[in-house]
Amino acid sequence: MRPRAPAHPWLMLAPTLLAFGLFVFLPLALTARASLQSWDMLTEPEWVGAANYGALMEGGELWRVLGRTLGFSVIVVVGAMSFGLGLAVLVDRPGRVFAFVRGSVFSAYVVSWVAVALLWVWLLDPDAGAVAAIFRAVGLPRVGFLTDPRAALVTVACVAVWKITGYAMIVFLAGLRAIPASLREAAALDGASGWQTFRHVVWPMLRPTAAFVATTSLITSFQAFDVVRIMTQGGPARATTLFVYAIYEQIFLNLSVGKASALAVVFFVVLSLLAALQLRAWRSRGGEPA
Amino acid sequence: MLGEAGCRRAERDSQGRVRLRLWHSLGGRPRAALLEIVRRFHEREPGVRVEAVYQGDYFEALAKLRTAVAAGAAPALSHVVAEVLPYLARANALEPLGGYDGLGELDLVPALAQSGAFRGGAERPLYAVPLNRSTPLMYCNGALLREAGLAPPETWDELASHAKALTRSGSRWGFEVPIAWWFWVAMVGQAGGAVFDAEGRATLGGDAGAEAIAFWQRLIHRDRVMRPPPGRDYDAWNVTNQDFLSGRAAMIWTSTAFLRYLEDNAKFPVVAAPLPAKVKRSVPTGGTLFVVMRAAPAIEREAAAKFLRFFCETDQVTLLSQRTGYLPITRAAVARMEGEGFFASHANDAIAQRQLADVEPWPWEPKLFRIQRDIVNPRLEQAVLLDRDARGLLDEARRAAARPS
């Protein structure tokens with residue numbers, strides 16, 4: 001199809017381009033500029049070149065934040081997908097009991113992050129919490145789930161998994177129900193076991209769904225803020241200072257717009273790289289993004 | 001012109017009263033006391049309407065205040081922690097108050113006012129009037145102390161031995177304090193150091209800074225008698241208070257601000273004591289000071305000055321202090337509370353009041369807040385919770401503090 005005038009496509013795209021330019025690219029450019037300045041929002045910004053990036057690199061803080069965020073994402077994505085898929089397979093049955101279980105598991109997803117975080121702070125109290133009581137009852141040692149820097153990140157990630165597993169389960173359930181029953185019947189007629197049916201029939205059909213769940217879980221995990229803000233405020237000893245929280249901390253608590261902007265630029269680059277890798281993976285399989 | 005009129009904020013309400021915007025961070029009893037003072041002010045000054053709006057904890061409120069200043073929408077009146085005052089003054093965000101009728105001559109308790117809470121504070125223009133001022137204070141569970149035959153500890157060694165005697169594995173910690181700048185600064189002073197030297201360099205206490213961290217490390221990791229509360233900032237403070245009230249911590253350090261709250265909610269006698277000494281006693285001041293924002297309209301700044309004068313009258317000062325545990329900020333209020341026998345009947349308040357003799361002033365250093373938040377606090381947590389080399393981390397912190405922000 002040829003446009004009547006060369007300007008027509010641009011005119012059609014103009015509203016979208018304008019919105020993108022105004023709300024995405026312009027803020028990005030301003031952030032990139034601010035990352036090269038020392039600025040506290042009150043005094044005049046001072047040009048410092050790459051000093052903010054240098055300060056973040058010095059002592060390895062940037063790499064630690066990146067490592068923590070990636071580690072958190074791995075736990076959240078793998079955990080949510082595994083539990084979501086497992087639960088979907090288990091509760092993909094008729095009956096009120098299974099409907100109740102599906103509703104119960106999904107209910108965590110519709111509760112706000114703040115409520116979930118507050119609930120788990122209470123449950124995980126190493127002395128008075130319900131989880132600690134269970135640990136004591138079975139003779140396990142006392143664990144400072146949120147006070148021990150070695151345990152805090154995994155704990156917060158597990159809470160995130162608990163929160164979004166219901167969502168993963170519902171999406172997997174939809175995927176499972178979209179698989180024609182005739183395929184399973186054919187597999188059964190061919191003498192395939194339950195595992196063989198899942199491995200060679202169900203899973204290949206679920207791959208687009210799995211890619212969708214992985215992508216959305218990844219986005220959720222990279223955006224994690226509320227759960228950190230409520231449960232640990234980035235501590236103990238920065239063990240849960242993830243990327244978005246680190247940006248918030250720099251700009252709003254430490255009054256350093258320059259360092260916060262430098263972090264935001266790095267975050268943008270990391271997300272762009274991840275998006276590119278994901279697109280490439282899809283294209284190499286000849287598939288389309290879900 | 002229409003746009004300008006539409007964007008400009010209304011300085012008066014529909015009844016012609018001056019709107020005085022007050023952003024505050026007070027919750028619970030201090031908020032109730034502030035709102036009572038606002039109510040009284042409205043009776044005295046019917047031409048001014050104070051619009052008191054809660055803006056989150058001190059640090060959240062500061063973030064909002066800073067953003068509002070940058071956006072040209074700052075309230076006329078707010079309050080900030082002492083550590084941020086030099087930074088805001090340097091940024092030219094604060095209105096000097098000395099020229100306002102009566103504000104330069106307030107009879108304030110020096111240790112709690114700009115003049116004595118900062119080194120050289122009296123030589124600078126008056127930027128702040130104390131609102132809710134406090135120091136760290138030790139609170140002991142009187143029943144447990146009596147049961148163990150102990151008196152409140154007076155030295156670090158006694159604190160460690162008392163904590164050991166009062167700890168019951170799995171059910172009670174001998175001692176609890178948030179791993180935070182304020183308490184570390186107190187311990188640096190007690191160990192004979194200072195966070196800044198006389199020339200304004202961030203020495204972070206030198207050996208005393210490391211000694212303070214090592215003491216915490218010993219109590220947590222070697223003696224296992226101290227609980228570092230989870231969370232940061234006021235979340236950790238809240239946990240500390242709740243652990244004390246529920247009997248899970250026998251001795252805590254927290255602010256004098258919680259004196260009345262802890263006394264009223266504890267099911268045991270609360271025994272306050274000065275913070276113990278290493279080589280001497282020392283405490284920093286805490287709480288906040290009122291500031292008037294330079295960018296606010298003149299009519300609102302005038303109204304703010306009126307409110308501050310009213311706030312510093314003895315009736316208001318005693319109200320806030322007696323209802324909360326914040327220290328009375330004027331000498332007249334102290335005299336009245338003494339005269340009326342308040343300190344005689346409130347031994348814990350008297351101890352908090354006496355501890356003012358141990359106050360170490362803050363340096364007037366614009367980088368102070370950044371050093372607290374960005375440089376010291378995270379390293380304190382690392383050193384204490386991960387049991388890392390305190391000297392190495394403080395060396396790193398000193399290097400970071402020496403860099404331009």
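Which residues of helix α5 (residues 113–123) of chain A are buried? The legends below take up this helix, then a strand of chain B and chain B overall. The model is predicted.

**View 1. The buried face of helix α5 in chain A.** V116(A), A117(A), W120(A) and V121(A) are the buried residues of α5(A). Seen down the helix axis, they fall within an arc of 135°, so they line one face. An α-helix has 3.6 residues a turn, so residues three or four places apart point the same way. The buried residues of α5(A) pack against three helices of chain A: α4 (96–110), α7 (149–177) and α10 (226–231). On the face turned away from this buried side sit V114(A), A115(A) and W122(A), which are exposed.

**View 2. Strand β5 of chain B, largely enclosed.** Six of the six residues of β5(B) (residues 136–141) are buried, so the rest of the structure largely encloses this strand. P136(B), M138(B) and C140(B) point one way. L137(B), Y139(B) and N141(B) point the other way. In a regular strand the side chains alternate between the two faces of the sheet.

**View 3. The strand partners of β5(B).** β5(B) runs antiparallel to β8(B) (residues 249–255), joined by five bridges. Here L137(B) stands opposite T254(B). Four bridges join β5(B) to β9(B) (residues 270–273), also antiparallel. A273(B) in β9(B) is the bridge partner of M138(B).

**View 4. Chain B as the setting for β5(B).** Chain B holds 18 helices and 10 strands. Of its 405 residues, 55% count as buried. Its C-alpha trace spans about 70 × 50 × 35 Å along the principal axes. The radius of gyration is 22 Å, which agrees with a compact globule of 405 residues.

Notes:
Residues are numbered from 1 along each chain as its sequence is written. Chains are lettered from A and ligands numbered from 1 in the order in which they are written. This is a predicted model: local features need pLDDT of at least 70, side-chain atom pairs count only at pLDDT 80 or more; totals for chains, interfaces and linings use all residues. Helices (H or I, at least four residues) and strands (E, at least two) are DSSP runs, numbered from the N terminus. The radius of gyration is taken over C-alpha atoms; the globule rule is 2.2 Å times the number of residues to the power 0.38. A residue is buried if 20 or more other C-beta atoms lie within 10 Å of its own, exposed if 12 or fewer, and partly exposed in between; C-beta atoms are placed from the backbone. The arc is that of the directions from the helix axis to the C-beta atoms. Two residues are in contact if their C-beta atoms, placed from the backbone, lie within 7 Å. Two strands pair if DSSP finds at least two bridges between them.
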